[in-house]
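Visitor: I am new to this structure. Please pick one part and take me through it closely.

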Amino acid sequence: RGGWASDSSDSVASSGSDAEGSLYKVILLGEHGVGKTSLARIFGGVEDCADAEEAGNTYDRSIVVDGEEASLVVFDIWEQDDSQWLQNHCMKMGDAYIIVYSVTDKVSFEKASELRIQLRRARQTEDIPIILVGNKSDLVRSREVSVDEGRACAVVFDCKFIETSAALHHNVKDLFEGIVRQIRLRKDSKED
Ligand code: GDP
């Protein structure tokens, strides 16, 4: 299995870790089929479970980033139903956001921009960590969105950017570590 689990497989924790204030809610946003569930399941270490079709899930786990433990709860609930209430709630509840598109699907890339705008509107005065993720980077021949387009979009929207392949486990660990670093950066600058 990918290297992800090796360094922290013994630190899987449920919520209620005692280090105060270190349980972070991370919300996955994005079109249907871009790979949100695949990414979340890799994070949760449960990708091989039989109930892969189950919709709407949360995964909580502690990971060590830069020598310090952080507990994340990853919410894969965006598409659970099309309720406006749930989607509004998602926009309000996150400590950080992962906006996913597929590099093989231009429409999902455009949708990612819309989500970024929606998020900005919902959280106007807050500086929340957001990472724009171009997933399915392994599908080289059906690529519709270049790395440069992805990166440029992230610059415009003032967020971080990474390309991943859930299929190959490429950059998935970096993605979740990146989220922790972004959260810490903002927390530290507030405390100064
Ligand atoms: P969601 O609807 O955003 O949760 O997307 P899923 O995680 O259910 O993935 C949709 C489909 O894309 C599934 O068939 C996955 O196996 C496939 N998929 C997800 N990530 C990747 C990837 O990085 N590469 C490839 N080739 N397929 C992927």
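Guide: Let us look at R141. This is a predicted model. R141 sits in a loop, with strand 5 (130-135) on one side and helix 4 (147-156) on the other. R141 has 5 C-beta neighbours inside 10 Å, so R141 counts as exposed; the cut-off for exposed is 12 or fewer. Now take Q84, 57 residues away from R141 along the chain. The C-alpha atoms of R141 and Q84 are 36 Å apart.

The elements flanking this loop lead inward. Strand 5 and helix 4 each supply at least two residues of the largest nonpolar core. That core holds 44 residues. V26, L28, I98, I99, V100 and I179 have the most contacts inside it. Other contributors of at least two residues each include strand 1 (23-30), strand 4 (96-102), helix 3 (106-122) and helix 5 (172-191). Take I99 as a sample. Its partners include L29, G30, A112 and L115. I99 also touches I130, L132 and V133.

Helix 1 (residues 36-44) supplies core residues too, at least two. Helix 1 also gives the largest share of the shell around the ligand, 3 residues. In total, 15 residues surround the ligand. The closest are G35, K36, T37, S38 and A167. By type, the shell has 4 nonpolar, 8 polar and 3 charged residues.

Strand 3 (residues 68-76) is another core supplier. Strand 3 runs antiparallel to strand 2 (residues 57-65), and 9 bridges join the two. F75 in strand 3 stands opposite T58. The hairpin of strand 2 and strand 3 has 2 residues between the strands. There, D66 takes a positive phi near 55°.

Methods
Residues numbered from 1 in each chain as written. Predicted model: local features only at pLDDT ≥ 70, side-chain atom pairs only at ≥ 80, totals over all residues. Near = placed C-beta within 6 Å. Helix = DSSP H or I, 4+ residues; strand = E, 2+ residues; numbered from the N terminus. Nonpolar A, V, L, I, M, F, W, Y, C, P; charged D, E, K, R; others polar. Pairing = 2+ DSSP bridges. Buried ≥ 20, exposed ≤ 12 C-beta atoms within 10 Å, placed from the backbone. Core = buried A, V, L, I, M, F, W, Y, C linked by C-beta atoms within 7 Å. Contact = placed C-beta atoms within 7 Å. Lists of a residue's contacts leave out its neighbours within four places in sequence.
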